[in-house]
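Here are my notes on the empty space in this model. I take the enclosed space before the open one.

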Amino acid sequence: MELYLIRHGQSTNNEGTRPRVADPPLTDIGVEQARWVGESLKDEGITRLYASPMLRTLQTARMISDSINLPPHIFVGLHEWGGIWEARGDGTAVQLPGLNRAGMREVCSDVVLSEDVTDQGWWFHEGFAGDIEGMAELSHENGLAFIAHLMEHHGDTEERVAAVSHGGSGGSLISAFFGLPPDVGYSRFTHNNTGVSKLSFTSERKQLLCLNRISHLPPEAITS
């Protein structure tokens, strides 16, 4: 099988001109980036679309879905490092549950929800926001879990699967794919917004066919 790993479009937190929010939406350019990457995937023969449960990835997946005519399937383990957290004025952070089932369907009406997305949300961890090593380890474990899921459901086939993820967790997934240790530095495999990496694997062989392809973006729309 082949995996097209896609980072979400630019979010308001990526833009950096507005106050940080726990689960940011796409900016206007982020929406355009998502549309462009969707168009670039239209003729790739994608057979399944996965997405992180975060707002910016679900919005990106919805745009891709419009182009490739496949509903996005939520895989919670594709979420970004730290999950959903909100900073407090005293230097601490509080964890929030994220989008619930109804909220996800408001963003994308045909989204396919996993059982770990509940009516209360999906993120119920504590204490990860400032724990870099803990976040790296969790993201690495999530990457291994997603790879195992892919091998179980799509392995040793000719299927082409797309997954919309994040800068940190996408890099962690590639590290896990090649048996590398957790990327505590958060910088081993970096992606621009809607950058595409393509991986090919069977039970016997693993290949990185491209990393952070952004040829679908005009130069003025390349963001990080």
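1. The lining of the largest cavity has two nonpolar residues, six polar ones and no charged ones. Keep in mind that this is a predicted model. Glycine is counted among the polar residues here, so G77 and G143, both in the lining, fall in that class.

2. Which residues line the largest cavity? They are G77, L78, S139, N142, G143, S165, S169 and L173. Two helices, α5 (132-154) and α6 (167-177), each supply at least two residues of this lining. The largest share is from α5, with three residues.

3. The volume of the largest cavity is about 40 Å³. The structure holds one cavity of 30 Å³ or more.

4. Now the open space. The largest pocket holds about 400 Å³. Two elements, α1 (12-15) and α6, give two or more residues to its lining. Here the largest share, three residues, is from α6. Helix α6 thus deserves a look at both sites: it supplies at least two residues to the cavity lining and three to the pocket lining.

5. How many residues line the largest pocket? The count is 27. Nearest the pocket centre lie R7, N14, R56, E80 and Y186.

6. By class, the pocket lining divides into nine nonpolar, 12 polar and six charged residues. R7, R56 and E80 are among the lining residues, and Arg and Glu count as charged. The cavity lining, by contrast, has no charged residues.

Technical notes. Residues are numbered from 1 along each chain as its sequence is written. This is a predicted model: local features need pLDDT of at least 70, side-chain atom pairs count only at pLDDT 80 or more; totals for chains, interfaces and linings use all residues. Side-chain values use heavy atoms; hydrogens and water are left out. On a 1 Å grid over the protein atoms alone, a cavity is a set of points where a 1.4 Å probe fits but cannot get out, and a pocket is an open set with protein on both sides within 12 Å along at least five of seven lines; lining residues have an atom within 4 Å of a point. Grid points are joined across faces, edges and corners, and a volume is the space filled by probe spheres set on the points. Helices (H or I, at least four residues) and strands (E, at least two) are DSSP runs, numbered from the N terminus.
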